[in-house]
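Q: Please take one part of this model and go through it closely. I would like the pairing, the burial and the surrounding contacts treated together, with the rest of the chain as background.

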Amino acid sequence: MTELTLHDDAKRRVLRTNLSSVAILTPVLGLAAVMTAISTRNLVLALFYLALVLAMVPVTYVLARRLADRSRVTFGDGTVAVQGWGRPRRFTIADVERIVTVDSMAFGAAGPTHHLIVVGPTKRLLLLVGQMWGRGQLSALALDLAHRGVPLTPVRHPVTPAQLRATDPRLVPWYQAHPVVLGLLVALGVLVVVTVVLVVVLVLVVA
């Protein structure tokens with residue numbers, strides 16, 4: 001059996017990526033806390049909300065650290081076991097339709113890197129990204145599956161998530177193929193929720 005775990009530099013990248021995302025959200029949510037204080041004139045409520053926002057930073061660090069320490073892929077006997085977020089996942093050679101290796105593709109704000117994608121008859125079973133896993137690690141898994149009869153499709157030219165999805169929708173979910181649209185929808189949803197909350201609070205205060 002072979003077990004892949006994250007190297008120290010990969011663990012640091014996981015922490016940086018998650019903390020960078022929180023650093024972008026914190027000022028926006030902090031501004032919402034200020035707006036709450038102004039609209040409600042309730043300093044206690046605003047401070048409580050602000051404390052929750054600031055707590056995102058240490059909570060994100062702890063969760064990202066836990067992810068980095070727990071992440072592992074075990075293979076070598078015809079099964080693949082994956083540990084990351086949530087419960088461990090496991091699939092066998094019989095569940096796999098093909099493997100796709102991508103030399104250069106970028107997800108979201110992350111730079112272009114290598115990926116390994118394992119798909120079954122109806123869905124993606126596994127995605128391993130280069131920010132976390134080395135080329136040698138992904139090659140070891142791909143070759144193990146290929147030697148057991150699983151078709152291997154290499155994508156050697158640079159490709160975008162949308163382009164890869166166009167070849168096979170199972171490879172990249174819609175939300176990963178169109179991150180800008182997803183971001184706009186999320187921002188719109190947050191704006192609607194904040195607006196509704198402020199309107200309700202203002203109505204209660206005026207009443």
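**Salt bridges, then strand 3**

A: E97, R98, D168 and R170 are linked in a network of salt bridges. The model is a predicted one. Within the network, D168 and R170 are joined by a salt bridge whose closest N and O atoms are 2.7 Å apart, and both of these residues are buried. Seven salt bridges are found in the whole structure. One of them joins the side chains of K11 and D69, with 3.3 Å from N to O. This pair ties helix 1, which holds K11, to helix 2, which holds D69, across 58 residues of chain. D69 has a relative accessibility of 35% and therefore counts as partly exposed.

The part to look at closely is strand 3, and the chain as a whole gives its setting. The protein chain has six helices and eight strands. In order from the N terminus, its elements read β-α-α-β-β-β-β-β-β-α-β-α-α-α. Of its 207 residues, 36% are buried. Among contacts between residues at least 6 apart in sequence, 56% join residues at least 24 apart.

Strand 3 covers residues 79-83, and five of its five residues are buried. In a regular strand, side chains alternate between the two faces of the sheet. Here T79, A81 and Q83 lie on one side and V80 and V82 on the other, and both faces are covered.

Strand 3 has a pairing partner on the N-terminal side in strand 2, residues 72-75; the two run antiparallel and are joined by four bridges. One residue pair in this ladder is T74 with A81 of strand 3. The two strands form a hairpin with three residues between them, and G76 in the turn has a positive phi of about 135°.

Strand 3 also pairs with strand 4, residues 89-92, again in the antiparallel sense and over four bridges. In this case V80 has F91 of strand 4 as a bridge partner. The hairpin of strand 3 and strand 4 has five residues between the strands, and G86 takes a positive phi near 70° there.

V80 deserves a separate look. With neighbours within four places in sequence set aside, V80 is in contact with V73, T74, F75, R89, R90, F91, L126, L141 and L145. In soluble globular proteins, nonpolar side chains tend to be buried together. The largest nonpolar core in this model has 40 residues, and V73, V80, V118, L141 and L164 touch the most other members. Two or more core residues come from each of helix 1 (8-40), helix 2 (43-70), strand 2, strand 3, strand 5 (98-105), strand 6 (113-119), strand 7 (124-129) and helix 3 (135-147). V73 and L141 thus appear both among the contacts of V80 and among the core residues that touch the most other members.

The hairpin of strand 2 and strand 3 also meets helix 3 through D144. D144 lies in helix 3 and touches F75 and G76, not counting residues up to four places away in sequence. At 18% relative accessibility D144 is buried, because buried means under 20%. D144 forms a salt bridge with R148, and the closest N and O atoms are 3.2 Å apart. R148 has a relative accessible area of 38%, so R148 is partly exposed. The G76 that D144 touches is the turn residue with positive phi described above.

Helix 3 has a further role in the layout, at a pocket. The second largest pocket holds about 220 Å³ of space. Its lining has 13 residues, and T101, D103, R135, L138 and S139 lie nearest its centre. Strand 5, strand 6, helix 3 and strand 8 (152-155) each give two or more residues to this lining. Helix 3 gives the most, with five residues.

To gather the points on strand 3: all of its residues are buried, antiparallel ladders of four bridges join it to strand 2 and to strand 4, and its V80 is one of the residues that touch the most other members of the largest nonpolar core.

Key
Residues are numbered from 1 along each chain as its sequence is written. This is a predicted model: local features need pLDDT of at least 70, side-chain atom pairs count only at pLDDT 80 or more; totals for chains, interfaces and linings use all residues. Side-chain values use heavy atoms; hydrogens and water are left out. Buried means under 20% relative accessible area, exposed over 50%, partly exposed in between (1.4 Å probe, protein chains only). Two strands pair if DSSP finds at least two bridges between them. A nonpolar core is a set of buried Ala, Val, Leu, Ile, Met, Phe, Trp, Tyr and Cys residues joined through side-chain atoms within 4.5 Å. Contact means heavy atoms within 4.5 Å. A salt bridge is a side-chain nitrogen of Lys or Arg within 4 Å of a carboxyl oxygen of Asp or Glu. On a 1 Å grid over the protein atoms alone, a cavity is a set of points where a 1.4 Å probe fits but cannot get out, and a pocket is an open set with protein on both sides within 12 Å along at least five of seven lines; lining residues have an atom within 4 Å of a point. Grid points are joined across faces, edges and corners, and a volume is the space filled by probe spheres set on the points.
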